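User: Could you take me through how to read the packing and the charged pairs in a model like this one?

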Amino acid sequence: MSAARGRTLIVDDEEDMRILLRATIEAANDGLVVAGEAADGEEGLVRWREDRPDIVLLDNRMPRLSGLEVAERILAEAPDQTIVLFSAYLDDATRSTALELGVRECLSKSDFAKVPEVLRRCAADG
């Protein structure tokens, strides 16, 4: 896989989670790279427009704009954008709404170790 297919924007309001995600993605060392980071949904939209990543790894519960609101706005502008909702709070209603919006995958933060695998799969599906 080329690095161009695995450029990921991390959007999470917890700095320690962004640091951990960056380290995990970079340690995977197989074409996945971090294109940028954002600390909330509004910053995430700005960074997405600037960086045009292949994948957006998006927390749901954030101040100002939720991950679902960010996903809805991104997908309205770019329906083919790959988004992975990565949240500690993934109930059936949240998953259903995310998938209806066009989010590619939903991953619980408790499944953190699966992040590189999910990103690789999304990058390969392109």
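**Core and salt bridges**

Analyst: In the largest nonpolar core, which has 21 residues, the members touching the most others are Val11, Val56, Leu58, Ile74, Ile83, Leu85 and Val103. A nonpolar core here is a set of buried Ala, Val, Leu, Ile, Met, Phe, Trp, Tyr and Cys residues joined through side-chain atoms within 4.5 Å, where buried means under 20% relative accessible area, exposed over 50% and partly exposed in between (1.4 Å probe, protein chains only). This is a predicted model, in which local features need pLDDT of at least 70 and side-chain atom pairs count only at pLDDT 80 or more, while totals for chains, interfaces and linings use all residues. Residues are numbered from 1 along each chain as its sequence is written, and side-chain values use heavy atoms, with hydrogens and water left out.

User: Which residues does Leu58 contact, leaving aside its neighbours within four places in sequence?

Analyst: In soluble globular proteins, nonpolar side chains tend to be buried together. With contact taken as heavy atoms within 4.5 Å, Leu58 meets Val11, Gly67, Val70, Ala71, Ile83, Val84, Leu85 and Phe86. A second, separate core of 17 residues includes Leu107, Val118, Cys122 and Ala123.

User: How many salt bridges are there, and which acidic side chain meets Arg22 at 2.9 Å?

Analyst: Counting a side-chain nitrogen of Lys or Arg within 4 Å of a carboxyl oxygen of Asp or Glu, there are 12 salt bridges. Arg22 pairs with Glu26 (2.9 Å, N to O); Arg22 is partly exposed at 27% relative accessible area, as is Glu26 at 43%. Arg47 forms salt bridges with Glu50 (3.8 Å, N to O) and with Asp51 (2.9 Å, N to O), and of these two partners Glu50 is exposed at 57%, whereas Asp51 is buried at 18%.
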